[in-house]
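User: I have a protein chain open and would like to work through it. Can we take it one short question at a time?

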Amino acid sequence: MEPSTSPDNIDFTQVMDEQRENAAVGNSGTHLSDIISGSDQAIETVDLAADSSVEFRRMLEKSGSRYKILKLIAEGGFGRIFLAQDLILGRKVVIKSLKEKHLARPESVRKFIAEAKLNAQLDHPAIVPLYSLDTDSADGLHLAMQLVNGITLKEYLKRCRERQREEPPRNRRYERSLQVRLESFLRVCDAIEYCHSRGIIHCDLKPENIMLGRHGEVYVMDWGIACPEGTDRKGHLDGTPSYIAPETFRDGAATQQTDVFALGMILNEIVTLRDPVTGADFKEVITRVCAGEFEPSTPLNPRIHSLQHAKQTTSAFANGSKTFYRV
Ligand SMILES: Nc1ncnc2c1ncn2[C@@H]1O[C@H](COP(=O)(O)OP(=O)(O)O)[C@@H](O)[C@H]1O
Ligand SMILES: [Mg+2]
């Protein structure tokens, strides 16, 4: 498939470039970080050295008596996510536990502890706070974190698609729904700008790893493969192929552009409500990403029928965030 050039398709590079130009001329919103002088210098680098020794693990608290598991929320390759009750403070929390089979693998244990330390040191309104890293009588490893009462962006986009198929889009409701998605996107950009400023690359940005709370909260989740900028990930290319930047397949290094590429793909999906790349399997998707063969950016909703419309709507919200241009 040839990359699409039809005028009805949205060229996101152009949309973002234009926003960057707007930001450069005029558009001089004052931001707190401009006012809090020296804030950049105050940012500490993240200490990621993961100690997986027996002594370190002995220092961890046994959390079994504190948290009562209520139900399994999700299960991935490495871990399980549970909803639990904190019996001391009376709140609901989320527990992420390393699977038993991985407890005997030093590399898995090291990665789990590194994820905990990295997440705990990222302090931002769009990053879920960790409460603790605990153990149990069977030497298990469990992360306790804030429960996000909401759904993933992936689920939200699915619902938006279904709704648009079911009922003809009415102007106001449609505009509002796109605005909510764009606002959420900019909050994700803010979180990523923050983690980049701490020298960390997320490496696994995708709608599944973004959660939207009931009260408008937006969270970037899952720091399982995040790493310091410049880390060589050759041979360890975890992630979801549609969101992996093509150059990562060639030189393997994690850079800010790794996350920027994924953000671009997410923005595409948010506006068009379509999958940015399709393929029968992992290999085909990778081949298409590397060849720049993306799906035409024709929005599912005919109301976004032109590049102009997408630009206007994106601008209205992008103008509110300086980070949109920086990442
Ligand atoms: N703090 C949380 N609050 C609510 N749901 C969560 C929380 N953390 C994870 N989840 C749910 O669990 C899923 C998997 O979590 P994630 O951290 O992405 O783990 P994995 O490494 O298995 O992908 C998320 O997509 C989300 O649905
Ligand atoms: Mg995940």
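User: How many bridges join strand 4 to strand 6?

Analyst: This is a predicted model, and everything below is computed from it. Strand 4 covers residues 92-98, and strand 6 covers residues 142-146. The two run antiparallel. V94 in the one stands opposite M145 in strand 6. The number of bridges joining the strands is five.

User: In strand 6, which residue is the bridge partner of L130?

Analyst: Strand 5 (residues 130-135) also pairs with strand 6. The sense is antiparallel, over four bridges. In strand 6, the partner of L130 is M145.

User: Which residue takes a positive phi in the hairpin of strand 5 and strand 6?

Analyst: Six residues lie between the two strands of this hairpin. One of the hairpin's residues has a phi near 65°. That residue is D139.

User: Which residues does I95 touch, not counting those up to four places away in sequence?

Analyst: Contact here asks for C-beta atoms within 7 Å. Sequence neighbours up to four places away are left out of the list. What remains is Y67, I69, F82, A84, H142, L143 and A144.

User: How many residues has the largest nonpolar core, and where does it lie with respect to domain 1 and domain 2?

Analyst: The core has 61 residues. Those with the most contacts inside it include I95, V188 and I266. Helix 8 (residues 171-197) gives the most to this core, with nine residues. Domain 1 (10-37 + 150-318) and domain 2 (47-146) both give residues to the core, so it lies between them.

User: Which are the edge strands of the open sheet with the order 7-9-10?

Analyst: The sheet has three strands, with antiparallel pairing. An edge strand pairs on one side only. The edge strands are therefore strand 7 (150-152) and strand 10 (218-220).

User: In strand 9, what is the bridge partner of G150?

Analyst: Strand 7 and strand 9 (residues 210-213) pair over three bridges. Their sense is antiparallel. The partner of G150 in strand 9 is G213.

User: What angle does the direction of helix 7 make with that of strand 7?

Analyst: Helix 7 (residues 153-166) packs on this sheet. The helix touches both strand 7 and strand 9. Its direction makes an angle with that of strand 7 of about 85°.

User: How many of the residues of helix 10 are buried?

Analyst: Helix 10 spans residues 256-272 and has 17 residues. The helix reaches 24 Å from its first C-alpha to its last, close to the 24 Å expected. It is largely enclosed by the rest of the structure, because the buried residues number 13 of the 17.

User: Which residue with a positive phi follows helix 10?

Analyst: The phi of this residue is near 60°. The residue following the helix is L273.

User: Is E247 buried, partly exposed or exposed?

Analyst: E247 is found in helix 9 (residues 246-251). A buried residue needs 20 or more other C-beta atoms within 10 Å, and an exposed one has 12 or fewer. E247 has 14, so the residue is partly exposed.

User: How far apart in space are E247 and C290, C-alpha to C-alpha?

Analyst: In sequence, E247 and C290 are 43 residues apart. In space, their C-alpha distance is 7.8 Å.

User: What share of the protein chain is buried?

Analyst: The chain holds 13 helices and eleven strands. Its residues number 327. Of these, the buried share is 32%.

How values were computed:
Residues numbered from 1 in each chain as written. Chains lettered and ligands numbered in written order. Predicted model: local features only at pLDDT ≥ 70, side-chain atom pairs only at ≥ 80, totals over all residues. Expected span 1.5 Å × (residues − 1). Core = buried A, V, L, I, M, F, W, Y, C linked by C-beta atoms within 7 Å. Domains from an automatic or database assignment. Contact = placed C-beta atoms within 7 Å. Pairing = 2+ DSSP bridges. Axes fitted to C-alpha atoms, helices over the stretch in contact; angles between N-to-C directions.
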